[in-house]
Amino acid sequence: MDEPGEKKQPTPAEGDQNQGVGRRDFLRIVVSVGAVGTIIGVAGLFTEFLTYVPTSNVTLAWPKAKVANINDLQDLKPVNFFYPLTNEPNILVKLGVKAENGIGPSEDIVAFSLICQHLGCIYAFVPEGSSPTCNSAYKMPVDGGYCCCHGSHYDFTKEGAVIGGPAPRPVPMVQLELDQATGDIYATSMGPPSIFGHDTGATAPAQVLSADMTGGSVITNTVSITSTQSTSGTSTASGSSGA
Ligand code: FES
């Protein structure tokens, strides 16, 4: 029996029990703190996710690619090339007569997408007064392009304007730059409108850029091609890499 005033010493069992309660409390605190920490951590990540602003280190821009040298060009002898992607055919021609937006001393050098704006056939260049292979009765009134799929034709002296057939819009013009020192001619941008099949008909500059640069590999070099015109007016292209 305990004497009055004597401080009760816990029995080993009670001591263990008290210590056990203390450990449980401690564990509860640890678990609670851990849970709160986890919640704060998850909340932090969630907030980060909500406020995440993607950054891009890729700036979309038109490539600059050498197409030809002015000293190699002859009037009405087209040069075919791919731009801005390695699978997008274009045609450059020195018309011998001044053209809208033409370059060179005579402002007669122009280039256009070779893909018809109607349904995407490859058309052919036909000089003024000549007939397309598919329509010998027709004489082109100007230097331009004629698509034998459905008869669309384009005026190369008027920035590719439609002068006949079902095409709803001009063919995209390739913007050219002449290096006066070397005579090299570079393609520097396209359109508007966008190339057929690339968000077809887009006219806003940013839209045209993103549309025309999608769906293939961006050209890093000039790739010359030779075109063989068939009687249907479509062309087959065989490529060769150039510098
Ligand atoms: S695809 Fe060229 S006229 Fe139809």
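The exercises below concern backbone geometry in a predicted model.

**Exercise 1.** Find the peptide bond from Tyr 83 to Pro 84 and state whether this bond is cis or trans. Then locate Pro 84 among the elements of the chain.

*Solution.* Start with the torsion: omega for the bond from Tyr 83 to Pro 84 is near -5 degrees, and the bond is cis. Next, place the proline. Pro 84 sits in the loop that runs between strand 2 (79-82) and strand 3 (89-94).

**Exercise 2.** Which kind of peptide bond joins Pro 192 and Pro 193, and where does Pro 193 lie?

*Solution.* Omega between Pro 192 and Pro 193 is about 5 degrees, and the bond is cis. As for position, Pro 193 belongs to the loop between strand 10 (184-190) and helix 2 (205-212).

**Exercise 3.** Determine the sign of phi for Asn 101, then its location and its exposure class.

*Solution.* Phi of Asn 101 is about 65 degrees, thus positive, although the residue is not a glycine. Asn 101 is located in the loop between strand 3 and strand 4 (109-113). For exposure, count C-beta neighbours: Asn 101 has 16 inside 10 Å, so Asn 101 counts as partly exposed. The class covers counts between the exposed limit of 12 or fewer and the buried limit of 20 or more.

**Exercise 4.** Repeat the analysis for Glu 107: what is its phi, which loop holds it, and why does it receive its exposure class?

*Solution.* Glu 107, a residue other than glycine, has a positive phi near 50 degrees. Glu 107 lies in the loop between strand 3 and strand 4. Glu 107 counts as partly exposed because 14 C-beta neighbours fall inside 10 Å.

How values were computed:
Residues numbered from 1 in each chain as written. Predicted model: local features only at pLDDT ≥ 70, side-chain atom pairs only at ≥ 80, totals over all residues. Helix = DSSP H or I, 4+ residues; strand = E, 2+ residues; numbered from the N terminus.
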